Structure formats: structure tokens, C-alpha cells
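User: I'm new to this one and would like a close look at a single part of the chain. Could you take me through a stretch of loop and then show me what else is worth a look around it?

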Amino acid sequence: MLDSLKKIFSGGEGDEPVNTTGKPDISREKSAELYEKAKTYFPGGVNSPVRAFRSVYGTPLFIEKGDGCHVWDADGNQFIDFCCSWGPLILGHNNAKVREKVTEVMQKGMSFGAPTALENELAELILKHNKFIKKLRFVSSGTEAVMSAIRLARGYTKRDKILKFEGCYHGHSDSLLVKAGSGLVTFGETSSAGVPKSFADETIVVALNDRGALQKAFEEFKDQIAAIIIEPIPANNGLLLQDKEYLEYLREICTQNGTLLIFDEVISGFRVGFEGAAGHYGIQPDIITYGKIIGGGLPVGMYGSSAKIMSFISPEGNVYQAGTLSGNPVAMAAGIAQLTECLRDGFYSELEEKTKNFISTLNDFSSSAKYSFKAFSIGSIFWFAFSEKKKISASSDIDADSMNYFKALHHDLLENGIYFGPSGYEVGFISDAHSKEILKDAAEKICTSLERVFKKSAKRIAEV
Ligand SMILES: Cc1ncc(COP(=O)(O)O)c(C=O)c1O
């Protein structure tokens, strides 16, 4: 990228944000004050790194409340929210049915560490409408679900190695904080300090959508790979949509080698249909992990499989996995209320249609203006690529300066009442509460912001 362009877009936390709107910046006084205080309590001022706005301009907005498709920050600014708590709020914020069910259950106590009928109720709701799993276990986060699924795969196959893909994220457990080294098939390199090298040595990392690398991995580590884990709809490093044939190929290679196929559906589960990506592509994985969407915004995760594989989990089997708050009644109540709504006739088709219309407005505008921008979507998940490529299916397809454009767009959108998660690698979400009118308004604002961002960059390039 040209140095001058780099300079306009450069920055991160604490940088002077670039105001492209010609209007004064929105007031962030209270958020800024809260952030200063938070920095004295939490590392980096946050309880999860992405929230710190290190990949975009400025400092975090502290959110005060949410309702429907809107959130309000501590300074009273209102935003149309496309982050939706990173996906789980498929009904929008503060949904009345979820709130009422949670409130009703909370009157009777909040946690017992003992079974409740609510766990049965949510499990029945899920299993009755998902033919890909027969038994499940509730946990409290996506990380926990994936970590447990990996242990289950290792216990079941009596093998140690797992294979993951560059560009997929599976939470922060040791075996999975591993990135590709150099070479076609690599033992991973840890992507966090504190992860022992010996753990990373059990994780093989290959590029997405590369059959050759996969074949080589299975030749090299024959009879050693317990599981392949993939986000069937990779949505943590952009939206790297895979061909159905490639996912089928994974199924095939796993079956041939006695390896389990794990679909990590923490993002795609209940988003691209009630049966998630497994249902969307019609592929039967061996284990599926799900996350926060099951809890309607409260901390829940889950993994599921066949009755035979799940029988390896303690106390039935000898793969140990436990959790004091697993299946806690408040989270179960939220899940029951939210997933019941998702089963409404036409729920997913309406959501998908709204998303498609929204995305095509942006793409039509961008192609007529000849901007290097394309929005991709599946179900109600979408992502903005600053690229002319028609298809982006591996991390290496993402244009190098994409994130700089996202930073400029993110800031401009905040100035105009639109909230996106603070990283260009993260996807956006549309909820049932995003009405057609709101989406039309948001699309217009995004087009205007794109115009400002592209004008600005083009102008600066011309000045060189
Ligand atoms: C695909 C995937 N797996 C696992 C996780 C971990 O979930 P959590 O952050 O709830 O622990 C995430 C988080 O976003 C995810 O996107």
C-alpha cells in the first residue's frame, strides 16, 4: 500500500480518529471516562481483547442498553447494531419473550448445581428439530464446548492429534490457540504465550480449501488424527465461504481414516437455519459444537453427537467433563424462549431475504461506483471485503489493505449511528428485530459512508 494511504488509515487505540463526515465527532465523554477507569481494573481495560478497539480508531463505546436492533452508549448516542453481541441475539436486544421467560424462572432461584426440568425442555427442543445429533451436553461457553468436543474425539478414537484450518477460530483453549507455521502441512505454532509447545505439537494446521495439504497431512500422520475441526462457515477471519464439495471431501477423508469430523457451529449454529451448517449443506459431522445463541444472550454452549459417541462422556464413559453452572436454569430459560421463536414458520427465510436485500443494495451501489468493495452473506451473517474478488475462501485471499479501509468505514459509521464489531475480520449479524425500513436506512448510510471513505482515499492517492 502507498505510504500516504497508510498514513490516513494508520492507527489503533488512542489514535486521533479520522473524521470524514464534516460533522463534529459524537460525544464520547462518558465512554472515555469509563474506559480510563476500566483500565485500572482490567488488562487493557476490557474483559475480552477485541472489545478494546485496537483494530479500529478511537476507544471502546460503553454500552448502556439495547432494545430491538438498537444499542445506546453511556453518552446516550443511539446506534443500529450489527454486532448483536457477536451473533447470539438473533431476536434482537431485550426481546420481550426472552426477558419474560428469564424473569419468570428467576423468581424461583438462579442456580442449583442440580438437574432441572428446564435442561430437559431445551434439550428436547433442540434434538427434536436437529437430525444431526442424538444426545448433547450443555456447557457455559463456546470455548468450553469445543475443548470438550476435542477431548471427546481423542477419548473415542484413542488418538492424540487434531487437525484445524488456518483462518478458523475455535475459542481460547490450549490445543486451538495454534496457527500455521511455514509449509503445506505444519505442526502449529502457538498463537499465544503460555501455550506449551508440546500442546501445539498435537495440532496440525492446514490452509482452508486445499485438498493437497489435507491429503499430505493424512499420509504423514496416518492413524494418528483424532479429529478434523472446522467452522463449516468460517466466520472469524472474514466470511470464508467454503464449497459444499470441499466440506463433503472432509467428511469422506474422515470416514476413510477413522477420524471424527467436528463442525464448530458456535457462529453458524441456529443462524443459517435451525440445523445450522450441517443442515444447510446436508452433511453429517460426528460432533457439533454450538455456543452463545442457545442462551439467547446468556452464557451457554453445547456439544452433541450420536448416542454412541456421547456415551464416552462421564459419568457414562471415562472422558471427564463437568461444569458447576452447566445447564443453569436462567440460561436454559433464555434458550427455550429464543429457540422457540426461531422455530416459527418462515423465521429463517424472512431473515435471509432481509439480509440478501440489504447486501445487494450495498453491492449494487459499490459496483456502480466501481469501489473495491464487496459484501458477502449466508443466512443472516454478512461480511464486508474491500476487494474486487468474487470469492474469498481462505485467509490468503483477503486483500492486504482491507483492514485499513474497514477502520475508516467503522469510524465513519459510528459517527452516523451504526455500530459494527470493532474488527474488520469479524462478521456482522442481522436479527429479527432489524426491520426492512431500518435496513434500508442503514444501507443508505453505509453507502454514503463508503462514498466518503473511497473519496478520501482516492483523493489522497491522487495527491501523491
Ligand atoms: C467458531 C467459534 N468457536 C468457538 C468460539 C468460542 O466461543 P466463546 O467466546 O463463547 O468461548 C467462538 C467465539 O466467537 C467461535 O466463533
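Analyst: Let's begin at proline 315, in the loop between helix H10 (307-310) and helix H11 (329-342). Keep in mind that this is a predicted model. What kind of peptide bond joins serine 314 and proline 315? A cis one, with omega at about 10°. Most peptide bonds are trans, and most residues other than glycine have a negative phi.

That second point leads to two other loop residues. Phenylalanine 53 has a phi near 65°, a positive value in a residue other than glycine. You'll find phenylalanine 53 in the loop between helix H2 (29-41) and strand E1 (63-67). With a relative accessibility of 1%, phenylalanine 53 counts as buried. Asparagine 94 also shows a positive phi, near 55°, and isn't a glycine either. Its loop runs between E3 and H3. Is asparagine 94 buried or exposed? Asparagine 94 is partly exposed, because its relative accessible area is 40%, and the buried class stops under 20% while exposed begins over 50%.

Stay with that loop for a moment and move to the aromatic rings. The model has 21 aromatic pairs. One of them joins phenylalanine 82 and phenylalanine 382: the ring centres are 5.7 Å apart and the planes meet at 85°, so the pair is edge-to-face. Why does this pair tie together distant parts of the chain? Because phenylalanine 82 is in the loop between strand E3 (78-81) and helix H3 (96-106), while phenylalanine 382 is in strand E15 (residues 381-385), parts that are 300 residues apart in sequence. Phenylalanine 82 is buried at 0% relative accessibility, and phenylalanine 382 is buried too, with a relative accessible area of 1%.

A second pair goes like this: the rings of phenylalanine 165 and tyrosine 246 have centres 6.4 Å apart and planes at 75°, so they are edge-to-face as well. Here phenylalanine 165 belongs to strand E5 (residues 161-166) and tyrosine 246 to helix H8 (residues 244-257), and the pair links these distant parts, 81 residues apart. Both phenylalanine 165 and tyrosine 246 are buried.

Back to phenylalanine 82, which has plenty of company. Ring pairs link it into a cluster whose members include Phe358, Phe365, Tyr371, Phe373, Phe382 and Phe384. Phe386, Tyr405, Phe420 and Phe454 are also among the cluster's residues.

Rings meet charges here too. Lysine 65 has its charged end over the ring of tryptophan 72, 4.6 Å from the ring centre. Likewise, the charged end of lysine 374 sits over the ring of phenylalanine 376, 5.1 Å from its centre.

Now for a few polar residues. Asparagine 130 is in the loop between H4 and strand E4 (135-139). Asparagine 130 is buried, with a relative accessible area of 2%, and its side chain makes a polar contact of 2.8 Å with the side chain of tyrosine 290. Asparagine 120, by contrast, sits in helix H4 (residues 117-128) and is exposed, with a relative accessible area of 54%. The C-alpha atoms of asparagine 120 and serine 85 are 26 Å apart, with their positions 35 residues apart along the chain. Compare aspartate 174, in the loop between E5 and strand E6 (178-179). Its C-alpha atom is 6.8 Å from that of phenylalanine 199, 25 residues away along the chain. Aspartate 174 is partly exposed, at a relative accessible area of 32%.

Last stop: the ligand. Which residues are around it? Among them are Ser141, Gly142, Thr143, Tyr169, His170 and Gly171, as well as Glu231, Asn236, Asp264, Val266, Ile267 and Lys292. By class, that shell has three nonpolar, six polar and three charged residues. Some of these come with a polar approach to the ligand. A polar side-chain atom of threonine 143 is 2.6 Å from a ligand oxygen atom. In the side chain of aspartate 264, an N or O atom is 2.7 Å from a nitrogen atom of the ligand. For lysine 292, a side-chain N or O atom is 2.8 Å from an oxygen atom of the ligand. Taken alone, the ligand would expose 390 Å², and the protein buries 83% of that.

Notes. Residues are numbered from 1 along each chain as its sequence is written. This is a predicted model: local features need pLDDT of at least 70, side-chain atom pairs count only at pLDDT 80 or more; totals for chains, interfaces and linings use all residues. Side-chain values use heavy atoms; hydrogens and water are left out. A residue is near a molecule or strand if one of its heavy atoms lies within 4 Å of it. A polar contact is a pair of N or O atoms within 3.5 Å; within protein, one must be able to donate a hydrogen and the other to accept it, and residues adjacent in sequence count only if both atoms are side-chain atoms. Accessible areas come from the Shrake-Rupley method with a 1.4 Å probe; for residues, only the protein chains shown count as cover. Ala, Val, Leu, Ile, Met, Phe, Trp, Tyr, Cys and Pro count as nonpolar, Asp, Glu, Lys and Arg as charged, and the others, Gly among them, as polar. Rings of Phe, Tyr and Trp (its six-membered ring) pair if their centres lie within 6.5 Å; planes under 30 degrees apart count as stacked, over 60 as edge-to-face and the rest as tilted. Helices (H or I, at least four residues) and strands (E, at least two) are DSSP runs, numbered from the N terminus. Buried means under 20% relative accessible area, exposed over 50%, partly exposed in between (1.4 Å probe, protein chains only). A charge sits over a ring if NZ of Lys or CZ of Arg is within 6 Å of the ring centre and within 35 degrees of the ring normal.
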